[in-house]
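Colleague: I would like a close look at one part of this model, taken slowly enough for a first-year student to follow. Please begin with a single side chain and its partner, and then work outwards from there.

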Amino acid sequence: MRGVVERLDMEGLGVVGLGKKEIHIPFTTPGDVVEVRRWRRRKRTLIATDFEVVEPSQNRVDPKCPHFGTCGGCLLQHIPYEEQVRFKSDKLSRILGFDVEVLPSSVIYGHRNRIDVVISTNGIGFRRRGTWWDAVDIEWCPVFGESSRRVLRSLREFVEDFRLSLYEIRKNEGFLRYIVIREGKFTGELMVNLVTSPGKLPPEFPEYFNYATSVYWSVNRTQSDVSYGEIERFWGSEFIRERLDDVTYLIHPNSFFQTNSYAAVTLVRKVAELVDGGRVLDLYSGVGTFGIYLAKRGFEVEGIEANPFAVEMANRNVELNGVDATFSVGEDKNVENLSEYETIIVDPPRAGLHPKLIKKILKDKPQSIVYVSCNPKTLRANLDELEGVYSPETAVGIDMFPHTPHVETVVKLKLKV
């Protein structure tokens, strides 16, 4: 069956009308003529599994990654970047019900500061698109940058020299499992974290990465297929550092940090711009990304975070930057005295705000809310729940994730008078 791609769906797949059906096709763009031979049903959507672009659209660019189309990491490298940004703006506007501008990332290759690479019998790389059991063997990752080439070359030398068992994904067996690479884009500091099953690591391992700032060995003692574990040992620095404007953050293998440092600068600046008053509550505060940036600018900041290790890292960052801010462990549903703050910042997980927190907000009525969201659908649902008391004053998207359909959103809500 042959057809022309008419548009992109919300997930960035091209949509082709074939009779009464709509087929959704990855790695295509409006104007492509495609031959669709096979598809499968995913919930209510038909996804093409065997297809060919027989006449490419003029609205295409050459992907930088040689594995584009097989690796599951990127979906939109074939689309000009300005079109990616326009697509995300249209997507946010449709979901949220009002116009939202998306601010582009200043760097669109080499922007990502973390990649989790599987070390498998199928290859050292990323999951093959549409599978959990297969991997695409890569030499480097263009969205991370050149340092990934050096690290993966060193890893292959280590594997060849010591012949340790690799991860058999289907059987969930093997000693070497993942290598996680993290880089401070503004500091140049590099972290390598090897994740293994329980076993003995050759003592020569860190010598293969003697150019890295920090080298870790982590052990996953569970049956879960995850790219983290208990820290067994590290060499070099305990942390690497990243810098957003005049604020320095410590990064540990098991701590979260925004994955695009360049767009993260835009994000913290935008949040600081939208904050009203002097007293701020930073909910879901993590390692203090927003709170410390604000404290550096004279705001009185308290942060609450459910993860004790993240709170420990936030307090280390407070000390490192010499600011006055307090971070403590707590659940979003249990916060109190929201009326004491001029602004509350919320950056919840994809599930959105806890219902008890929404009730608390509606009861205490803080003057201003800055809502940072990685999931526009749950953001829209939370805005609906707050609608009777709050109204959106400003909304902007920030492209933290070039070449993917994902986008970060920041909305400022003001108490209705």
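Modeller: In this predicted model, D364 has a relative accessible area of 13% and therefore counts as buried, since the cut-off for that word is under 20%. Its partner is K363, and the two side chains meet in a salt bridge with a distance of 3.7 Å from N to O. K363 itself has a relative accessible area of 61%, so it is classed as exposed, and the pair thus joins a buried residue to an exposed one.

This pair belongs to a larger set, for the count of salt bridges in the chain comes to 32. Another of them is formed by E189 and R241, whose closest N and O atoms are 2.4 Å apart. E189 sits in the loop between strand 11 (176–183) and strand 12 (190–196), while R241 belongs to strand 15 (residues 240–244), so this bridge ties together parts that are 52 residues apart in sequence. E189 is buried, with 11% relative accessibility, whereas R241, at 40%, is partly exposed.

A further salt bridge connects D245 with R269, at 2.7 Å from N to O. This pair also links distant parts of the chain, because D245 lies in the loop between strand 15 and strand 16 (247–251) and R269 lies in helix 3 (residues 261–274), with their positions 24 residues apart in sequence. Relative accessible areas of 30% for D245 and 45% for R269 place D245 and R269 in the partly exposed class. Salt bridges can also join into a network, as they do for R37, R38, D50 and E52.

Two residues deserve attention for their backbone. Most residues other than glycine have a negative phi. H403, however, has a positive phi near 75 degrees, and F27 has a positive phi near 65 degrees. F27 is found in the loop between strand 4 (21–25) and strand 5 (33–42), where it is buried with a relative accessible area of 11%. H403 lies in the loop between strand 22 (390–398) and strand 23 (408–415), and it is buried too, with a relative accessible area of 2%. Leaving aside residues up to four places away in sequence, H403 touches a set of residues that includes C74, L75, L76, Q77, Y109, H111 and V143.

It helps to set these details against the whole chain. The chain has 7 helices and 23 strands, and its radius of gyration is 23 Å, close to the 22 Å that the globule rule gives for 417 residues, so the chain is as compact as a globular protein of that length. Its C-alpha atoms fill a box of roughly 60 × 60 × 35 Å along the principal axes. Buried residues make up 57% of the 417 residues, and D364 is one of the residues that count as buried. Among contacts with a separation of 6 or more, 60% are between residues 24 or more positions apart. As for charge, the chain carries 55 positive and 58 negative side chains, and the centres of the two sets lie 5 Å apart. The accessible surface comes to about 18600 Å², and 47% of it belongs to carbon and sulfur atoms.

Note on methods. Residues are numbered from 1 along each chain as its sequence is written. This is a predicted model: local features need pLDDT of at least 70, side-chain atom pairs count only at pLDDT 80 or more; totals for chains, interfaces and linings use all residues. Side-chain values use heavy atoms; hydrogens and water are left out. Helices (H or I, at least four residues) and strands (E, at least two) are DSSP runs, numbered from the N terminus. The radius of gyration is taken over C-alpha atoms; the globule rule is 2.2 Å times the number of residues to the power 0.38. Buried means under 20% relative accessible area, exposed over 50%, partly exposed in between (1.4 Å probe, protein chains only). Contact means heavy atoms within 4.5 Å. Accessible areas come from the Shrake-Rupley method with a 1.4 Å probe; for residues, only the protein chains shown count as cover. Lys and Arg count as positive and Asp and Glu as negative; His and the chain ends are not counted. The place of a charge is taken as NZ of Lys, CZ of Arg, CG of Asp or CD of Glu. A salt bridge is a side-chain nitrogen of Lys or Arg within 4 Å of a carboxyl oxygen of Asp or Glu.
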